[in-house]
Amino acid sequence: MTADTAPGAPTARQMRTTARLHAVQALFQMEASGQGTESVIREFLDHRFGAVYDGDEMMEGDPDHFRAVVEQAVNWQARIDQMTDRALVAKWPIARIDPTLRALFRAAGAELVATDTPPRVVIVEYVELARAFFPEGKEAGFVNAVLDHMAREARPEAF
(Lines give C-alpha, C1' and ligand atoms only; values in the text may rest on other atoms or scores of the structure.)
Protein backbone atom coordinates (compact mmCIF):
# COMPACT_ATOMS: atom_id res chain seq x y z
CA MET A 1 0.00 0.00 0.00
CA THR A 2 1.35 3.43 -0.89
CA ALA A 3 0.96 6.63 1.10
CA ASP A 4 -1.65 7.73 -1.47
CA THR A 5 -3.79 4.61 -0.98
CA ALA A 6 -6.51 4.73 1.64
CA PRO A 7 -6.96 1.64 3.83
CA GLY A 8 -9.33 -0.75 2.09
CA ALA A 9 -8.89 0.99 -1.26
CA PRO A 10 -8.33 -1.33 -4.24
CA THR A 11 -4.73 -1.83 -5.32
CA ALA A 12 -3.53 -0.87 -8.80
CA ARG A 13 -3.48 -4.58 -9.71
CA GLN A 14 -7.08 -5.06 -8.53
CA MET A 15 -8.14 -2.00 -10.51
CA ARG A 16 -6.52 -3.39 -13.70
CA THR A 17 -8.20 -6.76 -13.09
CA THR A 18 -11.56 -5.00 -12.74
CA ALA A 19 -10.82 -2.98 -15.88
CA ARG A 20 -10.20 -6.24 -17.75
CA LEU A 21 -13.51 -7.67 -16.53
CA HIS A 22 -15.34 -4.55 -17.69
CA ALA A 23 -13.48 -4.61 -21.01
CA VAL A 24 -14.69 -8.17 -21.70
CA GLN A 25 -18.24 -7.13 -20.78
CA ALA A 26 -18.02 -4.01 -22.96
CA LEU A 27 -16.71 -5.95 -25.98
CA PHE A 28 -19.49 -8.53 -25.50
CA GLN A 29 -22.05 -5.72 -25.32
CA MET A 30 -20.65 -4.05 -28.44
CA GLU A 31 -20.95 -7.27 -30.43
CA ALA A 32 -24.44 -8.07 -29.13
CA SER A 33 -25.91 -4.60 -29.54
CA GLY A 34 -23.86 -3.00 -32.30
CA GLN A 35 -23.03 -0.15 -29.92
CA GLY A 36 -20.00 1.96 -30.87
CA THR A 37 -16.69 2.06 -29.04
CA GLU A 38 -16.93 5.54 -27.54
CA SER A 39 -20.55 5.03 -26.52
CA VAL A 40 -19.88 1.79 -24.64
CA ILE A 41 -16.73 3.20 -23.02
CA ARG A 42 -18.67 6.22 -21.79
CA GLU A 43 -21.50 4.02 -20.49
CA PHE A 44 -19.14 1.79 -18.53
CA LEU A 45 -17.11 4.66 -17.08
CA ASP A 46 -20.23 6.62 -16.11
CA HIS A 47 -22.48 3.80 -14.91
CA ARG A 48 -20.55 0.61 -14.16
CA PHE A 49 -17.29 1.58 -12.45
CA GLY A 50 -18.09 1.81 -8.74
CA ALA A 51 -21.81 1.28 -9.34
CA VAL A 52 -24.04 -0.10 -6.60
CA TYR A 53 -26.30 -3.07 -7.47
CA ASP A 54 -28.64 -4.54 -4.87
CA GLY A 55 -26.63 -2.85 -2.13
CA ASP A 56 -23.28 -4.22 -3.36
CA GLU A 57 -20.77 -1.68 -4.62
CA MET A 58 -18.80 -2.74 -7.69
CA MET A 59 -15.05 -2.22 -7.44
CA GLU A 60 -13.55 0.74 -9.23
CA GLY A 61 -11.50 -0.19 -12.27
CA ASP A 62 -8.54 1.52 -13.88
CA PRO A 63 -10.29 3.72 -16.47
CA ASP A 64 -7.18 4.22 -18.60
CA HIS A 65 -6.49 0.49 -18.80
CA PHE A 66 -10.17 -0.21 -19.56
CA ARG A 67 -10.22 2.36 -22.37
CA ALA A 68 -6.92 1.10 -23.81
CA VAL A 69 -8.04 -2.54 -23.86
CA VAL A 70 -11.40 -1.79 -25.49
CA GLU A 71 -9.97 0.63 -28.06
CA GLN A 72 -7.05 -1.64 -28.95
CA ALA A 73 -9.33 -4.69 -29.20
CA VAL A 74 -11.36 -2.80 -31.79
CA ASN A 75 -8.29 -1.38 -33.57
CA TRP A 76 -6.56 -4.76 -33.78
CA GLN A 77 -9.66 -6.98 -34.06
CA ALA A 78 -8.79 -8.51 -37.44
CA ARG A 79 -5.28 -9.49 -36.31
CA ILE A 80 -6.53 -10.72 -32.92
CA ASP A 81 -9.30 -12.80 -34.52
CA GLN A 82 -6.77 -14.32 -36.96
CA MET A 83 -4.45 -15.20 -34.06
CA THR A 84 -7.39 -16.73 -32.20
CA ASP A 85 -8.45 -18.73 -35.26
CA ARG A 86 -4.93 -20.14 -35.62
CA ALA A 87 -5.01 -21.17 -31.95
CA LEU A 88 -8.36 -22.95 -32.30
CA VAL A 89 -8.86 -26.33 -33.91
CA ALA A 90 -9.97 -26.21 -37.53
CA LYS A 91 -13.57 -27.17 -36.76
CA TRP A 92 -14.01 -24.29 -34.33
CA PRO A 93 -13.38 -20.93 -36.01
CA ILE A 94 -13.80 -17.88 -33.79
CA ALA A 95 -17.29 -17.23 -35.20
CA ARG A 96 -18.49 -20.53 -33.65
CA ILE A 97 -17.26 -20.01 -30.10
CA ASP A 98 -19.24 -18.53 -27.23
CA PRO A 99 -19.52 -14.72 -27.55
CA THR A 100 -18.20 -14.25 -24.01
CA LEU A 101 -15.07 -16.21 -24.92
CA ARG A 102 -14.76 -14.25 -28.15
CA ALA A 103 -14.85 -10.99 -26.16
CA LEU A 104 -12.33 -12.40 -23.68
CA PHE A 105 -9.92 -13.44 -26.47
CA ARG A 106 -10.24 -10.01 -28.07
CA ALA A 107 -9.49 -8.20 -24.81
CA ALA A 108 -6.53 -10.48 -24.04
CA GLY A 109 -5.33 -10.19 -27.63
CA ALA A 110 -5.39 -6.41 -27.36
CA GLU A 111 -3.08 -6.59 -24.37
CA LEU A 112 -0.79 -9.01 -26.20
CA VAL A 113 -0.45 -6.96 -29.39
CA ALA A 114 -0.82 -3.37 -28.19
CA THR A 115 0.43 -3.05 -24.59
CA ASP A 116 3.57 -3.86 -22.66
CA THR A 117 1.75 -6.14 -20.20
CA PRO A 118 3.87 -9.29 -19.86
CA PRO A 119 2.23 -12.18 -21.76
CA ARG A 120 2.25 -14.48 -18.72
CA VAL A 121 0.33 -11.82 -16.76
CA VAL A 122 -2.21 -11.54 -19.60
CA ILE A 123 -2.69 -15.31 -19.61
CA VAL A 124 -3.12 -15.60 -15.83
CA GLU A 125 -5.50 -12.64 -15.62
CA TYR A 126 -7.79 -13.78 -18.44
CA VAL A 127 -7.80 -17.42 -17.31
CA GLU A 128 -9.05 -16.14 -13.95
CA LEU A 129 -11.75 -14.13 -15.74
CA ALA A 130 -12.76 -17.27 -17.65
CA ARG A 131 -13.16 -19.04 -14.29
CA ALA A 132 -15.37 -16.18 -13.10
CA PHE A 133 -17.56 -16.30 -16.22
CA PHE A 134 -17.68 -20.13 -16.38
CA PRO A 135 -17.23 -21.45 -12.81
CA GLU A 136 -18.56 -24.93 -13.60
CA GLY A 137 -16.97 -25.49 -16.99
CA LYS A 138 -13.71 -26.43 -18.65
CA GLU A 139 -13.39 -23.05 -20.35
CA ALA A 140 -10.47 -21.90 -18.16
CA GLY A 141 -8.25 -24.69 -19.50
CA PHE A 142 -9.38 -23.93 -23.04
CA VAL A 143 -8.66 -20.21 -22.53
CA ASN A 144 -5.22 -21.04 -21.12
CA ALA A 145 -4.30 -23.12 -24.17
CA VAL A 146 -5.59 -20.59 -26.70
CA LEU A 147 -3.96 -17.62 -24.97
CA ASP A 148 -0.65 -19.47 -24.64
CA HIS A 149 -0.68 -20.04 -28.42
CA MET A 150 -1.68 -16.42 -29.10
CA ALA A 151 0.99 -15.07 -26.73
CA ARG A 152 3.74 -17.14 -28.36
CA GLU A 153 2.67 -15.79 -31.75
CA ALA A 154 2.33 -12.16 -30.64
CA ARG A 155 5.40 -12.02 -28.39
CA PRO A 156 7.72 -14.98 -29.09
CA GLU A 157 10.63 -13.18 -27.42
CA ALA A 158 8.86 -13.45 -24.05
CA PHE A 159 9.10 -17.26 -24.05
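**Entry 1: Arg 102**

I started with Arg 102, which sits in helix α5. A reminder to myself before going on: this is a predicted model. Is Arg 102 buried or exposed? I found a relative accessible area of 8% for Arg 102, so I put it down as buried, the cut-off being under 20%. Next I looked up what Arg 102 touches, leaving aside neighbours within four places in sequence. The list for Arg 102 reads Glu 31, Ile 94, Ala 95, Arg 96 and Ile 97.

**Entry 2: Ala 103**

I moved on to Ala 103, also a residue of helix α5. Its relative accessible area is 2%, so Ala 103 is buried. With neighbours up to four places away left out, I noted Val 24, Leu 27 and Phe 28 as the contacts of Ala 103. I also checked a distance out of curiosity. Ala 103 and Tyr 53 are 50 residues apart in sequence, and their C-alpha atoms are 23 Å apart in space.

**Entry 3: Arg 106**

Still in helix α5, I looked up Arg 106. Arg 106 has 11% relative accessibility, so it goes in my buried column. Which residues does Arg 106 touch, not counting those up to four places away in sequence? I wrote down Leu 27, Glu 31, Ala 73, Gln 77, Ile 80 and Asp 81. Glu 31 rang a bell: I had it on the contact list of Arg 102, and here it turns up for Arg 106. Leu 27 was familiar too, from my notes on Ala 103.

**Entry 4: α4 against α5**

Gln 77, Ile 80 and Asp 81 on the Arg 106 list sent me to helix α4, which covers residues 77–87. How do α4 and α5 lie relative to each other? I found that the axes of α4 and α5 (residues 99–114) come within 9 Å and cross at roughly 110 degrees. Angles of 65 to 115 degrees count as roughly perpendicular, so that is what I called this pair of helices. On the α4 side, the contact is made by Gln 77, Arg 79, Ile 80, Asp 81, Met 83 and Thr 84. On the α5 side I listed Phe 105, Arg 106, Gly 109, Ala 110 and Val 113. Sorted by class, the contact comes to 5 nonpolar, 3 polar and 3 charged residues.

**Entry 5: Gln 82**

While in α4 I stopped at Gln 82. Gln 82 has 45% relative accessibility, so it counts as partly exposed. I then looked along the chain to Pro 93, 11 residues from Gln 82, and got 9.4 Å between the two C-alpha atoms.

**Entry 6: aromatic rings**

How many aromatic pairs are there? I got 3. One of them is Phe 49 with Phe 66, an edge-to-face pair at 5.2 Å centre to centre, with 65 degrees between the planes. Phe 49 lies in the loop between α2 (37–47) and β1 (52–53) and Phe 66 in helix α3 (residues 63–75), so the pair ties together parts that are 17 residues apart in sequence. I checked burial for Phe 49 and Phe 66, and both are buried.

Another pair is Phe 105 with Phe 142, also edge-to-face, at 6.0 Å centre to centre and 70 degrees between the planes. This pair links distant parts of the chain, with Phe 105 in α5 and Phe 142 in helix α7 (residues 139–154), 37 residues apart. Phe 105 is buried at 0% relative accessible area, whereas Phe 142 is partly exposed at 32%.

I also noted that Phe 44, Phe 49 and Phe 66 form one aromatic cluster. Arg 48 lies over the face of Phe 44, 4.1 Å from the ring centre.

**Entry 7: two residues of α7**

Phe 142 had brought me to α7, so I looked up two other residues in that helix, Ala 151 and His 149. Ala 151 is buried, at 0% relative accessibility. Apart from residues up to four places away, Ala 151 touches Leu 112, Pro 119, Ile 123, Pro 156 and Phe 159. Ala 151 and Trp 92 are 59 residues apart in sequence and 19 Å apart, C-alpha to C-alpha.

His 149 is partly exposed, at 36% relative accessibility. Leaving aside neighbours within four places, I found His 149 in contact with Arg 86 and Ala 87. His 149 and Thr 84 are 65 residues apart in sequence, yet 8.4 Å apart from C-alpha to C-alpha. Thr 84 was already in my notes, as part of the α4 contact with α5.

Technical notes. Residues are numbered from 1 along each chain as its sequence is written. This is a predicted model: local features need pLDDT of at least 70, side-chain atom pairs count only at pLDDT 80 or more; totals for chains, interfaces and linings use all residues. Side-chain values use heavy atoms; hydrogens and water are left out. Helices (H or I, at least four residues) and strands (E, at least two) are DSSP runs, numbered from the N terminus. Buried means under 20% relative accessible area, exposed over 50%, partly exposed in between (1.4 Å probe, protein chains only). Axes are lines fitted to C-alpha atoms, for helices over the stretch in contact, and angles run from 0 to 180 degrees between N-to-C directions. Angles under 35 degrees count as roughly parallel, over 145 as roughly antiparallel, 65 to 115 as roughly perpendicular and the rest as oblique. Contact means heavy atoms within 4.5 Å. Ala, Val, Leu, Ile, Met, Phe, Trp, Tyr, Cys and Pro count as nonpolar, Asp, Glu, Lys and Arg as charged, and the others, Gly among them, as polar. Rings of Phe, Tyr and Trp (its six-membered ring) pair if their centres lie within 6.5 Å; planes under 30 degrees apart count as stacked, over 60 as edge-to-face and the rest as tilted. A charge sits over a ring if NZ of Lys or CZ of Arg is within 6 Å of the ring centre and within 35 degrees of the ring normal.
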